[in-house]
Amino acid sequence: MNQLLKTFFAPRQIDHEYISLNSESQIVEFSLNVGRFSDSPENVKHGNDISLCFPELVGLESVYNQLLEENIPHFELKGIARNLEANSPVYFDVYIFKNQEFTYLDGDIIILFDEKTDWMIREQKYSQIYKEYELSVSRLEQINNYTNQIIHSMNDMLLITNPLGIITKINQATQNILEYREDELINQSITNLFSEQHSKQTVNLSDLFIDENYHNSFEVYCKTKTGREIIISFSCSIFSLQPFERQELLWIGRDITRRKQLELQLNHQLEQNRVLSGMTQRIRQSLSLQKILQTTVAEVRQLLKVDSVLFYHIYDQNKGDIVANSFDCSLAKLQQLPNNVFIPNYFLSILEQGIIVSLDEKNIVELDPDIYNTWVNLKIKSELIIPIITHKQAINLDSQKELWGVLIAYQIKESRGWEKWEIRLLEQLATPIAVAIQQAELYEQLQMANQELEKMAMTDGLTRVANRRFFEEMLSKEWSRVRRENASLSLILCDVDYFKRYNDTYGHLAGDSCLKQVAQALQEGAKRAGDLVARYGGEEFAILLPKTDLEGAILVAETISAQVRSLQIPHENSPIKPYVTVSVGVACIVPEPPLTPETLVLRADQALYQAKTNGRDRWFAAPN
């Protein structure tokens, strides 16, 4: 019996699914479950051609002939797969024999189906596991290479030490920052890197092992191979690859030397800004020019810790004055020195550009002999000249820079060099000082302008005596004052007689001139300091006489009438006199309730009316 057949057949029984064919490749007999291997189980029927069920057997007629002629012992097809059910593939091998020994089976050819599904699945799993293993190994190598690239491309230092602090591994950044080669650091204690000027006890390695989760950050000074001192911010943590393996220390260090320098500069700058802001605020608290100047010299003297500070105001290139100072008593004689001592002529062009000039014992010899001798006599060791540049508005509205003056600091007791930050701070301070000075000067000009405006607001533009608005304000104030003092208040109202006819005859310009002369005469008639002459309206004037009784007011009325007559201003169309005259109404009141200022005005106006009714060019007094 064919040895291969023996592996499939037991005596008179076939253990595998099978199909028997006749010489025409038609199905003669088949096992019960052979359809599970077929591509079309419904075609597994007696008399059907085998190729209808198994497309893999199409075109095997020559193989069947060779088997029947015993040219070949058998034929095999391996690794066939079926997917008749979702997610349930079937794998099997096919063996084809000539039926010689099994007479209980009909057919000339026997086809056996050997299922390999379990074996194939195991093979696939083993293959997948192997591929995954190879992939994992490859990935580990990639990760290891990638990790090393990251470690060596880091800008931060990375060191690994044993529990005693002995270095076992470093990265490239460590070599670059510390300027050591790798072989010079390996097996060395990490504490050897710390600067001798700073305690090596900054890090206690034993503390790191008290807590397995311990993580500590600290800053330490380190010294490079060339002796340069740098500041490193270290982060140190414990790690081990396996729970029971030896623990090691991972040190990550960053060079923060530049950052610390910038922080120091920033803090210094912030402090300067704070000082500058405080000084500026104190200087600008006042709009008084003198107070600003005096505050400035006091603040600068305290800032620089110098013996003397003064403000020198320049009027022109040859003239100037000390306008504020904070002197050491030994420098009081500076007040009498010539101008070129404060600003040497060859420094003037430099100062006009806003450049600070610093002098000390090293460069003082470059000064003129006279100025040098003055320095020696005053025992001046150092000097700092700070220009104060203001902006002057030109006629064409362009702003022009002008050297307003200089702020000068003197050092006498000992020589000193001026620090860069001092000069820089004073350069920054010069601008707000100049602004404060300019604002103070503008404020003074504004005050003067306001005073002039106030004067204009209470003066009649034509006659230059008080206007009606100011008269009414003064009437109210004087009424209140004399009421408190229980005194008399008199009022005179006077009117130029036939003034319309005067204007019609001589014109308005002559009329204006007439009113000016009358106003002047009235002022000469009311001579006391508290008396007030005001233009009440048109050709009408009022004279307020505080603390004056009726007799006194009548005396003033007679005086002003005579004064106007004496002017002899021609008035040919006046029916009473050939010159200008006035009619006068007089009233006097001791203010008390229910009387009001309007009561006084009404009585004076009624008296004026009576004077006009009585023939003009006269006075009339209202009875008390």
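**Exercise 1.** Work out how helix 14 and helix 15 are oriented to each other.

*Solution.* Start with the two DSSP runs (helices are H or I, at least four residues; strands are E, at least two; both are numbered from the N terminus). This is a predicted model, where local features need pLDDT of at least 70, side-chain atom pairs count only at pLDDT 80 or more, and totals for chains, interfaces and linings use all residues. Residues are numbered from 1 along each chain as its sequence is written, and side-chain values use heavy atoms, leaving out hydrogens and water.

Step 1: helix 14 covers residues 508–525 and helix 15 covers residues 550–567; they pack at about 140 degrees with axes 9 Å apart. Axes here are lines fitted to C-alpha atoms, for helices over the stretch in contact, and angles run from 0 to 180 degrees between N-to-C directions.

Step 2: check the classes: under 35 degrees is roughly parallel, over 145 roughly antiparallel, 65 to 115 roughly perpendicular, and the rest oblique. So helix 14 and helix 15 are oblique to each other.

Step 3: look at who touches whom, with contact meaning heavy atoms within 4.5 Å. Helix 14 brings residues including Val518, Ala521 and Leu522, and helix 15 answers with residues including Val556, Ile560 and Val564.

**Exercise 2.** Now classify the packing of helix 6 against helix 7.

*Solution.* Step 1: helix 6 (residues 257–283) and helix 7 (residues 289–304) pack at about 155 degrees, and their axes are 9 Å apart. That makes helix 6 roughly antiparallel to helix 7.

Step 2: list the contact. Val275, Met279, Arg282 and Ile283 of helix 6 meet residues of helix 7, among them Ile292, Thr295 and Glu299.

**Exercise 3.** Test the length of helix 6, then find what covers its buried residues.

*Solution.* Step 1: the expected span is 1.5 Å times one less than the number of residues. For the 27 residues of helix 6 that gives 39 Å, and the end C-alpha atoms are 38 Å apart, which agrees.

Step 2: the buried residues (under 20% relative accessible area; exposed is over 50%, partly exposed in between; 1.4 Å probe, protein chains only) of helix 6 include Gln272, Leu276 and Gly278. Their cover includes strand 11 (229–239), strand 12 (248–255), helix 7 and helix 11 (420–457).

**Exercise 4.** Is Thr174 buried or exposed?

*Solution.* Step 1: place Thr174 in helix 4 (residues 172–178). Step 2: its relative accessible area is 0%, so Thr174 is buried. Step 3: leaving aside neighbours within four places in sequence, Thr174 contacts Met157, Leu158, Leu159, Glu179 and Leu185.
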